[in-house]
Amino acid sequence: MHGKNRSGLSYKIAYAIRNPDRISGYARRRGRDAMLWLATRDHVSYYRAVMRADATRSSDGAVGSRSRDSWLRVGQLQFDYLLRHGLTPGMRMLEIGCGNLRAGRLFIDYLDTGNYYGTDISPDILLSAEHTISEFGLQRKLPHLTLIDDLRLEFLPDECFDVVHAHSVFSHSPLSVIEECLAHVGRVMAPAAFFDFTFDRTDGAEHQVLREDFYYQTETLISLARRHGLDACFMPDWEETGHQQSRIRVTRPA
Ligand SMILES: C[S@@+](CC[C@H](N)C(=O)[O-])C[C@H]1O[C@@H](n2cnc3c(N)ncnc32)[C@H](O)[C@@H]1O
């Protein structure tokens, strides 16, 4: 499953034969994405426009959940995993690409007041995130939500976060965006902090589909983290959750 090249013609033809009902949807998305790419200057502007178009239809859909049930389940999966890995209420957490708080709402509820910082490039999804805060009655936990343009994290102080989390964000990011994050995230991490991110793994050729979905080899991302002075390891127990993406944990060297 991790060796497929989804950008290849033979994969597309085989997929279309297996899923004829999806052909018109794919063609629409391809046309839309081509227009958005022409109208934008860089990946972040492009993806922000994709999120705007998707969130207009459904904010749960924009973060990758086709139903509320799936939205609740995928959020719970992220939360339960970090709980098993030592998340405690006193920790301060940074979520990169928090979306409409699919998992964030659980982190906000669990962490001490003011300890959750969510960031995203999409103003539309951050408005939905505010709606999630009121929907789940989390106002008193005073979560921080910040719109960002890049992943340099310049507005945040040194060594401030115990946990950094990015679920299904690097699966939508070119390597230059991931590298920008890895070049700067170490500064905001406390010495014993960890940064977990998920990614779409391929064991074959690295590729992207519609500039929306990016597939990387594990070693590429681990080497990139090391080049920026961080340790990184593959998290095999995340695969046991049944989620289709893979996970890497980044830490500061002792
Ligand atoms: C698939 S959604 C996942 C949202 C959330 N992490 C979750 O699991 O529900 C990806 C999110 O990452 C955001 N995003 C994409 N690229 C980003 C970047 N370079 N920096 C910050 N956020 C980004 C998108 O706007 C979107 O909200």
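Author: Let's fix one term before we start: strands here are DSSP runs of E at least two residues long, helices are runs of H or I of at least four, and both are numbered from the N terminus. Keep in mind, too, that this is a predicted model.

Reader: Okay. Where is glutamate 159, then?

Author: Glutamate 159 sits in the loop between strand 3 (144-147) and strand 4 (161-166). Its phi is near 50°, a positive value in a residue other than glycine.

Reader: Is glutamate 159 buried or exposed?

Author: Buried means under 20% relative accessible area and exposed means over 50%, with partly exposed in between. Glutamate 159 has 42%, so it counts as partly exposed.

Reader: And what about leucine 101?

Author: Leucine 101 is buried, at a relative accessible area of 0%. Leucine 101 also has a positive phi, about 65°, although it is not a glycine. Look for it in the loop between strand 1 (93-96) and helix 6 (104-110).

Reader: Now helices. How do I read a packed pair?

Author: You describe two packed helices by the angle between their axes and the distance between those axes. Here, helix 2 (residues 23-39) packs against helix 3 (residues 43-57) at about 135°, with the axes 9 Å apart. That angle makes helix 2 oblique to helix 3. Their crossing is right-handed.

Reader: Which residues make the contact?

Author: Helix 2 brings Arg32, Asp33, Leu36 and Trp37, while helix 3 brings His43, Tyr46, Ala49, Val50, Ala53, Asp54 and Arg57. By type, the residues of this contact divide into 6 nonpolar, 1 polar and 4 charged.

Reader: What is the state of arginine 52?

Author: Arginine 52 is found in helix 3, and it is partly exposed, with a relative accessible area of 47%. Its C-alpha atom is separated by 33 Å from that of proline 89, 37 residues away along the chain.

Reader: Which residues of helix 9 are buried?

Author: First the general idea: an α-helix has 3.6 residues a turn, so residues three or four places apart point the same way. In helix 9 (residues 218-227), the buried ones are Thr218, Leu221, Ile222, Leu224 and Ala225. Seen down the axis of helix 9, these buried residues fall within an arc of 160°, so they line one face.

Reader: What covers the buried residues of helix 9?

Author: The cover includes helix 8 (175-188), strand 5 (189-201), strand 7 (213-216), strand 8 (231-234) and strand 9 (246-251). Just after helix 9, glycine 229 takes a positive phi of about 75°.

Terms used
Residues numbered from 1 in each chain as written. Predicted model: local features only at pLDDT ≥ 70, side-chain atom pairs only at ≥ 80, totals over all residues. Heavy atoms only, no water. Axes fitted to C-alpha atoms, helices over the stretch in contact; angles between N-to-C directions. Parallel < 35°, antiparallel > 145°, perpendicular 65-115°, else oblique. Left-handed = near helix turned anticlockwise from the far one by under 90°. Contact = heavy atoms within 4.5 Å. Nonpolar A, V, L, I, M, F, W, Y, C, P; charged D, E, K, R; others polar. Buried < 20%, exposed > 50% of the residue type's maximum accessible area, 1.4 Å probe, protein only. Arc of directions from axis to C-beta.
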